[in-house]
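Hello,

Here is the structure I promised to pass on to you. Have a look at it first, and then read on for what turned up.

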Number of protein chains: 2
Amino acid sequence: MQTLYMEEFKKIVGEENVLTSHEELYCYSYDATPGYSHLPEAIVIPENVNQVSDILKTANQHKIPVYPRGSGTNLSAGCVPLKGGIVLLMTRFNHISDVDLENLVVVAEPGVIVGDLNGMVARHGLIYPPDPGTVATATLGGTIAENAGGLRGLKYGVSKHYVMGLEVVLANGDILHTGGKNVKDVSGYDLTKLFTGSEGTLGVITQATLKLVPAPESKKSIMAVFKNLDYAGKAVAGIIAAKIIPATLEIMDNATICTVEDYAHVGLPLDAEAVLLIEVDGIAEVVEKEADKVLNVLKKNQADDIQVAKNDAERDRLWAARRAALPALAKLRPTTYVEDATVPRSKVPDFLRAVSRISKEFNVTIGTFGHAGDGNMHPTIVCDIRDPQEMDLVKKAMNEMFLSAIKLGGTLSGEHGIGLGKLPWMEQQHGSKAMEAMKAIKRAMDPNLILNPGKLVGEC
Amino acid sequence: MQTLYMEEFKKIVGEENVLTSHEELYCYSYDATPGYSHLPEAIVIPENVNQVSDILKTANQHKIPVYPRGSGTNLSAGCVPLKGGIVLLMTRFNHISDVDLENLVVVAEPGVIVGDLNGMVARHGLIYPPDPGTVATATLGGTIAENAGGLRGLKYGVSKHYVMGLEVVLANGDILHTGGKNVKDVSGYDLTKLFTGSEGTLGVITQATLKLVPAPESKKSIMAVFKNLDYAGKAVAGIIAAKIIPATLEIMDNATICTVEDYAHVGLPLDAEAVLLIEVDGIAEVVEKEADKVLNVLKKNQADDIQVAKNDAERDRLWAARRAALPALAKLRPTTYVEDATVPRSKVPDFLRAVSRISKEFNVTIGTFGHAGDGNMHPTIVCDIRDPQEMDLVKKAMNEMFLSAIKLGGTLSGEHGIGLGKLPWMEQQHGSKAMEAMKAIKRAMDPNLILNPGKLVGEC
């Protein structure tokens, strides 16, 4: 980048908010996805919407790529500065400006940590439901741009169900306001939903109006062990067929069970084909009633061992196994790919079987856990990125896995986004016509292709 | 239109499915919005997606305007063939192809009547929640294209919360598939949500995958009369603050109360400033608990008379008053404009007061009823469209009313759409930058501007 442009950015945000040392550039060259890295030319750190607008005007004029970034916890390489240019670091946008108890909404900036937002609204007995695993570090902006989900997706949905309005800066510097505090709003195209999940490719989010919901007054957790995967699948289907929508309905496969047991010694049987972890929440009477129905379904479907948490300590113990899944798998090998291929809920057993077959076929270690209730699986491949022969097999296994999900009516991503990581399979999922429509939207909103270029919809 | 093109359409759908008599053209020249009418040149009635694709290819090539249409119950003139061309009548797309109980979704065509769909899924103990007043006549396609809502919006949301996937034909004839049966899906831009509520301006919906939810096992209805509007407003806020989300939370203002009483003699006091009608639903224990909480809030907020329905007959009696609101108002004068300006829930009393003031200032009769819980009001103007002097005042009152809603942080439309009716205020709500972004999307998806041209975003 020419020094000239750098001077323009320094004028906008102040010299101290433009980072250019090699160490700093390196820190922003990657995110939480293994295998993707590229140095940016500068990190620019604005503190208000007018600065963002001025930065984008300059970048647009000179066709400088811009990568909006929060905490960089992205799992699909969405933050990687693939084509140089500037990282637009949004962490100074960290204000929560309006907790509106009458309308049950909060207005917050994109740099706010999701966990901090939840801490603040909890005082009022409210929750902001999206809860990605990185809730303690991920920023709101990142979770909105990626449409992040989490454990409670089955009952509570994902980020897009809670984003009611946005302030967004377009590539040309235009500042837009979409949506607002209205529960019902059909005025114009739904730009709010278009920007949510657009992975920084259509605009930079500078403020969000978010829906809050009352915190459940009661919860009950149940763990069930299955010797047979099919019965676990039938139990999941049976719970839904009983008209129960649990807050969480998690599954772990045999590979994950064995790894977790070896790591955490929580007492899981090594021959179990699946463990289900179910939590129902709501008002106390409902929770009791629903928990009883869940137990009936589990018993009817040959669960070999069922444990019900009687108090918070027991609840924590049951969840320790699920929480150990990712760290236990990650400890096995130097490199961890957490994928999030998602299938319709009824296809979960088919998908788990396919992953197991692929794992054997390519001799690649894959542990699968995830959100069985909403079909959002996390097949986790552990390997060593320094071994080209192994990585060749990993790539082949990954290809098979994504094609299997698509074949089952599934999707490449339930909550981690496409970024660069899943780009190769986008046309197979959506078809060339839908890809062309998405690219047409990208070109319409960002004609010079400066916003997170090459991601999500690929080259335009 | 030249006879040549007409022959092409006849070749595609068969001669009997192209209507051109004056009587037929007249029938499709208007919808349920007073004051808008324009003759199309033909009605073309396809029966499958390939026919729709061929029709659009022909229309696109010759720049013939195309107006997709279901039952024509539109309340914002969205169906009016403003610029001639062809009405694309979708009523032959009336199949429900897949009720998937494992995934709680149904796949249906756009010509299916919403009430019929609900009748079918009710057999399985499920509901498709969007329930516009026209549920017995409106088609799915129209309700999706308009993002229709209804009485249950507060708890259950509107159409877009239930549309999981779409088959859509673009202006150039391309057939796209968006979304699917996956509860979580963040792969690509959310085209499903972009088409939902796009009022036929971006593509023609030929199939929809819809989310279903378990029908509530129990319901309880409560009516409360308030002498003072402020207390009614406080009661609405109090119910939400008590963390209760009723299925319906309806309000009628004094003008509506007086008209309903005169029409239906249900025993409403003529000096009441507001009546609230509240229904909680869910499992029986919750319903009892929530109804008690609602009663407490009503009593604390000086409700003058409270009635609780003890059985279905009493429930029907309470709801008779609310159901009478529109027919009672419509009977007063020859012309009825049902608007749906929506404000954040906390601003409902301010908005009702503004409407009352505007009604007096312009000497226009406006009765307001609507969905207080979600701020979606229905200020209903009754007048005589044949009286130009009165219509001049009506237009001025309408202008003031929409500007008031926008000033209160509201939106032009909660559930009826923009069409032509609310186009004049779009820029005031969204600003020129957001309007330009919407137009850029329209041009990207429909470069020849053949799909429902001039609506929603206006001239491009």
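Which side chains meet in a salt bridge at 3.3 Å, N to O? They are those of E285(A) and K289(B). Before I go further, please keep in mind that this is a predicted model.

**Where the chains meet**

That pair belongs to a longer list, as the count between chain A and chain B is 12 salt bridges. Polar contacts also cross the interface of the two chains, with 32 residue pairs found where both partners have pLDDT 80 or more. On the side of chain A that touches chain B, the elements giving two or more residues are strand 9 (175-179), helix 7 (191-195), helix 8 (229-241), helix 10 (284-300) and helix 14 (426-445). Helix 14 of chain A gives the most, with 12 residues. Sorted by kind, the residues on this side of chain A come to 32 nonpolar, 27 polar and 19 charged.

In terms of contacts, 78 residues of chain A pair up with 78 residues of chain B. Together the two chains bury about 6,300 Å² between them, and 61% of that lies on carbon and sulfur atoms. If you want three residues to look up in the viewer, try K184(A), V186(A) and Y189(A): they supply 16% of the area that chain A buries against chain B, more than any other three residues.

**Helix 3 of chain A**

Helix 3 of chain A covers residues 49-62, which makes 14 residues. From its first C-alpha to its last, the helix reaches 20 Å, close to the 20 Å expected at 1.5 Å a residue. At its start, a side-chain oxygen of N48(A) comes to within 3.1 Å of the backbone nitrogen of N50(A). Just after the helix, K63(A) has a positive phi of about 55 degrees. The buried residues of helix 3 include V52(A), I55(A), L56(A) and A59(A), along with polar ones such as Q51(A) and N60(A). As a reminder, residues three or four places apart in an α-helix point the same way, because there are 3.6 residues a turn.

**A threonine in a loop**

T139(A) sits in the loop between strand 7 (126-127) and helix 5 (140-146) of chain A. Is T139(A) buried or exposed? T139(A) counts as buried because its relative accessible area is 3%, and the cut-off for buried is under 20%. Leaving out residues up to four places away in sequence, T139(A) touches G70(A), S71(A), P110(A), G111(A), V112(A), I113(A) and V114(A).

Best wishes

Methods: Residues numbered from 1 in each chain as written. Chains lettered and ligands numbered in written order. Predicted model: local features only at pLDDT ≥ 70, side-chain atom pairs only at ≥ 80, totals over all residues. Heavy atoms only, no water. Helix = DSSP H or I, 4+ residues; strand = E, 2+ residues; numbered from the N terminus. Expected span 1.5 Å × (residues − 1). Buried < 20%, exposed > 50% of the residue type's maximum accessible area, 1.4 Å probe, protein only. Polar contact = N/O pair within 3.5 Å; in protein donor to acceptor, adjacent residues only side chain to side chain. Contact = heavy atoms within 4.5 Å. Buried area = accessible area lost by both parts, 1.4 Å probe. Salt bridge = Lys/Arg side-chain N within 4 Å of Asp/Glu carboxyl O.
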